[in-house]
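Hi there,

Here is the structure I promised to pass on. Have a look at it first, and then read on for what turned up when I went through it.

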Amino acid sequence: MAKTRPGRRDLDSYTIRGTNKVVRAGDCVLMRPSDNNTAPYVALVEKIEADNRSNIKVRVQWYYRPEESMGGRRQFHGAKELFLSDHYDVQSAHTIEGKCTVHSFKNYTKLENVGTEDYYCRFEYKAATGAFTPDRVAVYCKCEMPYNPDDLMVQCEGCKDWYHPACVNMTIEQAKMLDHFMCSDCSSDNDIKKPQNTYPSSPLTNGKVEPKRRKK
Ligand SMILES: [Zn+2]
Ligand SMILES: [Zn+2]
């Protein structure tokens, strides 16, 4: 049996004012902050209920933006990055402005187009201590930074690691035109089993690397 406070009843859904968008438990929503100058808050709806005066309330779990976390925004945090916090709240449903989608990191990186309502979450965040789960994350490139999906990276066909163009002396434009990329470590390795496409150590002249055919 669902537990409810006296005079309250659970609702299956709430229709956002002035729209036909229906919010249900488990949905992610954008909520209007009291200060109109800040971006809307993002929350995960846990429960929708009405009190005996038909005021509709939502119990939410907040997502934090990197700048709202104790450590602040860091270089590898993307513009659409959110942390699922352990901070719960009860809010008036009228503060819900719209719906959004918080993707897993993996799914987010596979999106063909990122809409304004697409976000991603790869960390859980403890609001009281500032601790993240997981507390370690894979790093890439020579600079050994976690992946920021806002930054273009190129994958080495040898070691499969990903690199920032700037860290391997390329411009973004050069990287975008590359069909094949080998990092300097892999291209200096003479192992014949590896693809022979090489990254030129000198700056690219026409921005294009022609793959060399491997002899059979
Ligand atoms: Zn790098
Ligand atoms: Zn490599």
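**Cavity, pockets and cores**

The search for enclosed space gave 1 cavity of 30 Å³ or more. Please keep in mind as you read that this is a predicted model.

That cavity, the largest, holds about 30 Å³ of space. The residues lining the largest cavity are Q75, F76, M145, P146, N148, D151 and H164. Sorted by class, its lining has 3 nonpolar, 3 polar and 1 charged residues.

Two of these lining residues deserve a closer look, and N148 comes up before H164 here. Where does N148 sit? You will find N148 in the loop between β10 (132–133) and β11 (154–155). N148 has a relative accessible area of 6%, so this residue counts as buried. Setting aside residues up to four places away in sequence, N148 touches Q75, F76, H77, G78 and R122. Among these partners, Q75 and F76 also line the largest cavity.

H164 belongs to the loop between β12 (162–163) and α2 (172–177). Is H164 buried or exposed? With a relative accessible area of 13%, H164 is buried, because the cut-off for that label is under 20%. Apart from neighbours within four places in sequence, H164 is in contact with C141, C143, M145, D151, L152 and M153. Of the residues in that list, M145 and D151 are also part of the lining of the largest cavity.

Now to the pockets. The largest pocket has a volume of about 270 Å³. The residues around the largest pocket are F105, K106, T109, R122, F123, P134, V137, A138, Y140, Y147, M153 and W162. Two elements, α1 (105–109) and β9 (118–125), give two or more residues each to this lining. The largest share, 3 residues, comes from α1. By class, the lining of the largest pocket has 9 nonpolar, 1 polar and 2 charged residues. As for domains, at least three of the lining residues come from each of domain 1 (8–135) and domain 2 (137–200).

The second largest pocket contains about 210 Å³ of space. Its lining is made up of R74, F76, H77, F123, F132, P134, D135, R136, V137, V139 and P146. In terms of class, that makes 7 nonpolar, 1 polar and 3 charged residues. Where does the second largest pocket lie with respect to the two domains? It lies between domain 1 (8–135) and domain 2 (137–200), because both of them give residues to its lining.

Some residues turn up in more than one of these lists. F123, P134 and V137 are among the residues lining the largest pocket, and F123, P134 and V137 are also found in the lining of the second largest pocket. F76 and P146 line the second largest pocket, and F76 and P146 also help to line the largest cavity.

Next, the packing. The largest nonpolar core has 19 residues, and those with the most contacts inside it are V23, V29, M31, V45, V58, V60 and I96. This core takes two or more residues from each of β4 (28–31), β5 (41–50), β6 (56–64) and β9. The element that gives the most is β6, with 4 residues. V45 is a good place to start if you want to look around: leaving out residues up to four places away in sequence, V45 touches V23, R24, A25, G26, D27, V29, V58, R59 and V60. There is also a second, separate core of 13 residues, which includes C141, V168, L178 and C183.

E46 is in strand β5. E46 counts as partly exposed, because its relative accessibility is 37%. Not counting neighbours within four places in sequence, E46 is in contact with A25, R59, V60 and Y88. The C-alpha atoms of E46 and D89 are 9.8 Å apart, although 43 residues separate the two along the chain.

Finally, the chain as a whole. The protein chain has 3 helices and 12 strands. Of its 216 residues, 36% count as buried. Among contacts with a separation of 6 or more, 51% are between residues 24 or more positions apart.

Happy to talk any of this through once you have had a look.

Best wishes

Key:
Residues numbered from 1 in each chain as written. Chains lettered and ligands numbered in written order. Predicted model: local features only at pLDDT ≥ 70, side-chain atom pairs only at ≥ 80, totals over all residues. Heavy atoms only, no water. 1 Å grid on protein atoms, 1.4 Å probe; cavity = no way out; pocket = protein on both sides within 12 Å on 5 of 7 lines; lining within 4 Å. Points joined across faces, edges and corners; volume = space filled by probe spheres on them. Nonpolar A, V, L, I, M, F, W, Y, C, P; charged D, E, K, R; others polar. Domains from an automatic or database assignment. Core = buried A, V, L, I, M, F, W, Y, C linked by side-chain atoms within 4.5 Å. Buried < 20%, exposed > 50% of the residue type's maximum accessible area, 1.4 Å probe, protein only. Contact = heavy atoms within 4.5 Å.
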